[in-house]
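The following report works through selected helices, one strand residue and several backbone features of a two-chain assembly.

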Amino acid sequence: MTSIRKVGVLGAGVMGSQIAAHLVNAGCDVLLLDVIPDWEFDSDELEDAANRNSLVLKGLAMAKSLNPTPFALSEFAKLIEIGSFSDSREKLENVEWNDDLEKLKDVDWVIEAVVEKVDIKHKLFRQVADIVSPDTIISSNTSGIPLVTLAQVLPDDLRKNFLGTHFFNPPRYQAIVEMIPTNETSKEVLAYISDFCDQRLGKTVVIAHDVPGFIANRIAIPGVVKNISAMIEDGYSIEEVDTITGKAIGWPKSATFRTLDVVGIDIVASVVNNLHEALPDDFYKETLVLPEFVNQLVANGWIGQKAGKGFYEKIKREGQKSKILAVDPQTLEYHPRKKPKFKSIKQGKKIIDTAQRIKFLINGEDRVASYLQKTLLSTLSHAAEYVSEVADDIVAVDLSMKKGFLWELGPFEIWDALGVSEVVKLLEKNKQPVPALANDVLKTKRKSFYFSENGTTYFFGCNNRQYEKLNRPEGVIILKDLKDTGHVIEENSEASLIDMRDGVWCLEFHSKMNTIGLDAISMMYTAAEEASTNDACKGLVIGNNGEHFSAGANLKLIVKTLLEGKEDKVERFLKEFQDANMALKYMPKPVVAAPFGVTFGGGSEVCLHADMVCAAHETYMGLVEVAVGLIPAGGGTKEMLLRTFENVPHDLGLKREFDPLPFIQRTLMTIGMAKVSTSAFEAKELGYLRESDVIVMNKDRLIAEAKQLVLTLSRNYQPPRQQSVILYGERLYSALKSGLYLMREGGVIGEYDEVIATQIVKVLTGGDLSEPERVSEQVVLDREREAMMFLATQDQTLERIANRIGKSIKSLKMLGLGLKAKNTLSRLNVLKKGGRK
Amino acid sequence: MNKDQRNLLKDVVIVAGYRTAIGKANRGVFKNTRPDDLAAHVFKGIVESTGIDPYTVEDVRLGCSFPESEQGMDVARVAVLRAGLPVEIPGATINRFCSSGLQAIVDKITDIAVGLETVAIAGGVESMSMVPMGGTRYAPNPYLAKEQEETYTSMGLGAEVLAKQDSSTREEQDEFAFHSHQKALKALEENKFKSEILPYPVRNVSLDVSGNRVVEESEAKIDECPRKDTSLEVLAQLPPVFKIDGTGTVTAGNSSQKSDGAAAVLIMTLDEAERTGLEPLARLVTYKVTGVSPEIFGIGPVNAIDRALRSAHLTMDDIDLIELNEAFASQVISVIKRLKSEKGIEMPLDRLNVNGGAIALGHPLGCTGAYLTIKGINEARRRNSQYLMVTMCIGLGMGAAAIFKLLY
């Protein structure tokens with residue numbers, strides 16, 4: 001089998017164009033084709049390629065306009081080769097132009113994403129079969145047509161290379177692909193394409209059976225329908241259901257109805273109907289019918305976000321705050337959204353562990369419990385009933401729910417959390433069928449779907465009814481596994497130092513949102529010190545398996561300390577953070593940071609000081625301190641200044657004819673506008689990452705990749721030599737200040753933004769120095785702190801922080817209460833203004 | 001007046017004026033053409049079309065607003081050499097921002113008038129494509145940047161200040177801009193500028209997608225800035241570009257267009273004109289430059305116009321034609337309003353920029369003063385007018401106004 005370099009995507013609709021985009025993100029050559037709209041143009045007009053390609057162009061334009069964007073960098077869109085084909089090749093006689101379908105002979109993988117009609121797909125596959133080389137992999141993104149039906153029209157040799165690859169919308173951000181082999185798909189092809197989707201496209205791959213709805217839709221959709229019908233039957237409101245089925249049970253914040261609004265109620269309705277049609281007659285099929293009011297919404301065109309209204313409607317009147325309305329399922333009238341107050345949900349918020357929280361909620365006596373007993377319970381039993389029909393094992397089902405629908409826990413993990421025997425009892429109590437699989441689990445000694453022993457996890461086989469070892473894919477490091485097996489070197493409330501074997505250690509942040517507070521900083525020191533002195537250690541990875549790398553320095557801690565009037569303490573905190581970053585930068589062993597997801601402020605600063613960064617494709621990196629009225633003062637401004645002139649030859653930097661202004665302007669804009677990257681590629685453009693930093697598509701593989709980099713770097717490692725920084729002084733300071741004045745006058749920035757930006761300019765240029773000077777990093781670090789402390793004591797900055805952390809005045813008062821700082825009260829008065837916004 | 005001085009005072013006349021077409025900066029026909037090449041082309045054109053002996057030209061003066069990089073190194077002298085004119089002809093560059101081209105003409109007229117020279121070429125040049133406003137290496141005076149930060153206000157923000165001070169609405173400005181386009185388009189249709197434009201052979205070398213060298217050659221002979229598709233509706237849709245806080249009114253549509261171009265005139269004593277048989281076209285009557293606060297540079301012409309009229313013992317009624325540079329519609333409107341309220345001078349709108357102004361035709365900074373002089377003289381002669389006024393606002397807070405008397 002040849003390796004995949006070029007991929008052909010057929011169909012430039014919502015899925016096709018976005019899949020093409022993500023393939024470009026992954027560095028593939030992509031050919032995107034759609035049908036020639038010969039019903040719109042006469043044969044003369046079809047001479048013009050722009051007319052022939054009009055559907056593809058439209059699809060690409062749509063993809064470009066999407067937010068969040070499917071492209072890691074907007075210019076990637078240009079890299080997609082486009083073309084078109086005729087759906088009836090007999091029409092092609094006597095034309096001057098070529099049908100671009102021929103170009104498929106050069107591609108290694110064809111992904112079909114055309115309209116969900118068997119005859120159209122068959123016709124297309126017949127054409128494709130004539131063109132492609134025999135070892136081309138062919139897959140369909142169908143979500144509704146059995147793959148075996150589609151395979152029929154392919155010749156024998158191509159049927160071996162055919163399978164379903166079901167991407168979720170939006171394909172860049174949904175971290176899952178369902179692989180659906182037919183019984184003719186070769187094992188090699190399945191393994192190869194699974195590996196490709198995993199490593200190159202960054203997806204979690206689950207193998208699904210060729211059954212209606214595959215795994216994810218088959219297991220989740222009946223649950224969604226159940227959520228809606230239970231609401232109608234028992235008289236809950238939309239808002240109540242979303243309160244119960246959101247973060248409370250480990251589902252995304254958008255819960256049931258807001259998710260449906262985003263996906264599109266029409267789309268969901270058609271998925272439900274198709275699934276209903278395709279399913280064999282049984283108990284579940286009967287219940288798989290959407291309540292009438294949902295069909296009514298679709299009929300009215302109120303199909304969710306894209307139509308402006310659905311289950312919710314967002315109303316924005318000029319000059320007013322936007323208001324959210326919710327629909328009444330009985331009357332179809334919209335009313336202002338009411339935040340339901342469930343005591344149990346409120347109490348549950350205190351339970352950090354999701355499994356424990358679900359247990360608490362479902363076992364209650366209130367409306368929350370009775371709703372969950374009807375709905376979540378049904379999903380659990382449904383999953384256990386059908387697991388062997390849809391997948392090879394329960395692991396695939398749990399993964400599908402977690403990656404495809406962003407549940408924190410998969411259904412079988414919830415079974416275990418609640419206790420299998422408890423769930424069975426609840427099912428019996430609610431007169432719901434008890435799946436045989438659950439009864440079989442109860443026959444074992446363990447009485448759970450999963451258990452862990454000596455760092456190895458085992459799961460209950462749904463076919464052989466025996467426990468099997470859960471193999472972590474090679475190249476995936478789960479820090480928890482290491483921690484469970486005694487690999488912790490040091491540990492405190494915010495961070496740990498873990499031995500990842502082979503001489504590579506990991507500095508893991510694990511506070512809430514992985515914010516960096518005193519403990520995290522002290523662990524940074526410990527890591528630098530221990531790693532430097534311990535001969536067994538070859539180097540350090542800074543990474544974690546959390547949802548985000550780090551939301552930055554602990555703002556609450558900073559504001560609390562400021563309110564206490566202990567400015568010196570804040571400055572000490574900054575100094576310690578700076579010193580920790582410098583210690584890691586200059587330690588005699590390599591440090592590789594592994595950011596992903598939110599990597600803000602202090603999180604970015606940690607990465608900026610690393611020897612190398614191994615970033616997930618989805619890395620949202622930014623020095624965002626300005627947003628809260630501060631500046632990067634953990635060494636971030638200093639590092640950005642260093643990087644601004646990193647590639648300027650040493651002797652050129654101080655020459656008069658070298659103009660640093662446009663370079664420093666960029667850096668000022670990046671920090672001053674608190675720019676955040678929408679991908680790791682963009683982080684390179686913004687200067688947060690170096691061109692040489694590594695981008696890893698699959699976040700799950702990040703730490704293992706970073707570990708490999710440490711090993712590679714460690715072989716010939718030389719710690720960085722002391723660097724010097726050029727401060728360009730007055731000429732640059734005046735030019736930048738003059739630019740800030742224009743921006744403020746032009747309304748681009750506000751008055752206080754100018755104050756903040758001026759502080760950044762001072763750090764970046766050194767202020768009124770008469771001529772450029774080379775200084776040590778420490779000089780710039782000291783200026784960072786000075787500027788930060790100036791801002792931190794300004795009322796407007798405190799206001800911004802108060803707004804950002806969303807603290808009510810009351811709770812801020814609580815933070816400051818009992819403290820004798822003389823200006824605390826006046827600060828709070830200012831905060832009141834800010835807090836009310 | 002003593003005898004010696006009287007001997008020095010000469011009657012000086014403009015006998016010819018030519019220019020290049022005005023190109024759109026950054027994407028127009030001259031985006032890759034050097035300003036020194038444009039100026040050289042005009043010098044050569046003047047010598048060739050008038051048939052004068054180049055050895056009689058005693059000096060060249062060229063105005064330029066950002067005389068650096070491609071238009072640096074004393075662009076006047078560079079252009080003389082580039083034009084292949086005798087090395088004996090010297091050249092000097094002068095900068096008074098947007099009046100530079102006019103200033104150069106006045107400088108040479110006065111030099112000749114006091115008897116220092118007999119024949120000279122004067123004009124202006126600017127490539128806004130190659131040298132951005134602010135120059136290639138922006139370096140404001142630190143004291144001013146700190147203590148008087150409005151000194152370096154951008155032109156657009158200055159126009160916003162005036163719009164606010166004189167309550168000029170977006171609609172007023174857009175309407176002014178629209179009329180400028182209409183007048184310019186009409187003039188273009190009537191080929192009014194053809195005789196003053198020296199066609200320029202543009203050459204552009206690039207690589208095609210396969211890396212082959214592509215040489216494109218064309219002739220630039222038409223002012224390319226006016227937009228045929230401009231309408232009040234289109235103008236109304238453009239977003240303010242300088243003040244984006246919702247209160248802005250100045251857009252790309254009601255501002256002058258960044259441009260590239262060169263223009264120059266041939267100046268000599270009346271005696272020399274008679275000797276060579278060249279027809280005198282116009283004579284300078286007066287020239288005044290005045291200063292105002294930098295952030296309201298746009299009203300610079302108000303005082304300059306008033307003083308020029310006084311010094312010439314003329315009233316606005318005597319002026320047959322006015323070329324008032326349209327830096328911004330808001331700025332022109334302010335000049336009109338303040339001339340009336342502060343000086344009691346009524347701007348005769350039917351004689352103002354009759355062939356359109358910089359909003360439609362472009363404003364190549366240092367070239368503009370010379371370009372407007374040539375454009376104005378030609379239109380005045382078509383109308384058999386007597387007096388022409390050329391006036392403009394100037395960056396950092398100045399205004400200039402010249403009055404020419406047409407000769408027949």
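## Helix packing in chains A and B

In this predicted model, helix α15(A) passes helix α19(A) in a right-handed crossing. Helix α15 comprises residues 354–362 of chain A and helix α19 comprises residues 411–418 of chain A, and their axes come within 9 Å while crossing at roughly 65 degrees. Because angles of 65 to 115 degrees count as roughly perpendicular, α15(A) is roughly perpendicular to α19(A). The contact is built from A:A355, A:I358, A:K359 and A:I362 on the side of α15(A), and from A:I414, A:A417 and A:L418 on the side of α19(A). Sorted by class, the contact of α15(A) with α19(A) holds six nonpolar residues, no polar residues and one charged residue.

A second helix pair is found in chain B, where helix α6 (residues 155–165) and helix α11 (residues 329–343) pack at an angle of about 45 degrees, with their axes 8 Å apart. The two helices, α6(B) and α11(B), are therefore oblique to each other. The crossing in which α6(B) passes α11(B) is left-handed. From α6(B) the contact draws on B:A159, B:L162 and B:A163, and from α11(B) it draws on B:S330, B:Q331 and B:S334. By class, the residues in the contact of α6(B) with α11(B) divide into three nonpolar, three polar and no charged.

## Two helices of chain A

Helix α1 of chain A, residues 14–25, has twelve residues and reaches 17 Å from its first C-alpha to its last, which is close to the 16 Å expected at 1.5 Å a residue. This helix, α1(A), is mostly covered, with eleven of its twelve residues buried. The buried residues of α1(A) are A:M15, A:G16, A:S17, A:Q18, A:I19, A:A20, A:A21, A:H22, A:L23, A:V24 and A:N25. Their packing partners in chain A include the strands β1 (6–10), β2 (29–35), β4 (109–112) and β6 (162–167), together with helix α3 (54–65). After α1(A) comes A:G27, which has a positive phi near 85 degrees.

Helix α33 of chain A, residues 777–792, has 16 residues, and its reach of 22 Å from first C-alpha to last is close to the 22 Å expected at 1.5 Å a residue. Within α33(A), the buried residues include A:E777, A:R783, A:E784 and A:R785, and also A:V780, A:L781, A:A787, A:M788, A:L791 and A:A792.

## A buried strand residue in chain B

B:I267 lies in strand β8 of chain B, which covers residues 259–269. With 32 C-beta neighbours inside 10 Å, B:I267 counts as buried. Once its neighbours within four places in sequence are left aside, B:I267 is in contact with B:V12, B:I14, B:I105, B:K108, B:I109, B:I112, B:A120 and B:A122. B:I267 and B:G17 are 250 residues apart in sequence, while their C-alpha atoms are 9.1 Å apart in space.

## Backbone features in loops

Most residues other than glycine have a negative phi, and most peptide bonds are trans. The table lists four places that depart from this pattern.

| Site | Backbone value | Loop |
|---|---|---|
| A:N67 to A:P68 | cis, omega near 0 degrees | A:P68 between α3 and β3 (81–85) of chain A |
| A:N169 to A:P170 | cis, omega about 0 degrees | A:P170 between β6 and β7 (176–181) of chain A |
| A:D502 | positive phi of about 60 degrees | between β16 (495–499) and β17 (504–509) of chain A |
| B:M73 | positive phi near 55 degrees | between β3 (59–63) and α3 (75–82) of chain B |

As to burial, A:D502 is exposed, with 10 other C-beta atoms within 10 Å, whereas B:M73 is partly exposed, with 13 other C-beta atoms within 10 Å.

## The contact between the chains

How many residues does each chain bring to the contact? Chain A supplies 14 residues and chain B supplies 16 residues. On the side of chain A that touches chain B, the largest share, nine residues, comes from helix α31 (residues 730–745) of chain A. By class, that side of chain A has five nonpolar, four polar and five charged residues.

Conventions: Residues are numbered from 1 along each chain as its sequence is written. Chains are lettered from A and ligands numbered from 1 in the order in which they are written. This is a predicted model: local features need pLDDT of at least 70, side-chain atom pairs count only at pLDDT 80 or more; totals for chains, interfaces and linings use all residues. Two residues are in contact if their C-beta atoms, placed from the backbone, lie within 7 Å. Helices (H or I, at least four residues) and strands (E, at least two) are DSSP runs, numbered from the N terminus. Ala, Val, Leu, Ile, Met, Phe, Trp, Tyr, Cys and Pro count as nonpolar, Asp, Glu, Lys and Arg as charged, and the others, Gly among them, as polar. The expected span of a helix is 1.5 Å times one less than its number of residues. A residue is buried if 20 or more other C-beta atoms lie within 10 Å of its own, exposed if 12 or fewer, and partly exposed in between; C-beta atoms are placed from the backbone. Axes are lines fitted to C-alpha atoms, for helices over the stretch in contact, and angles run from 0 to 180 degrees between N-to-C directions. Angles under 35 degrees count as roughly parallel, over 145 as roughly antiparallel, 65 to 115 as roughly perpendicular and the rest as oblique. A crossing is left-handed if the near helix is turned anticlockwise from the far one by less than a right angle, and right-handed if clockwise.
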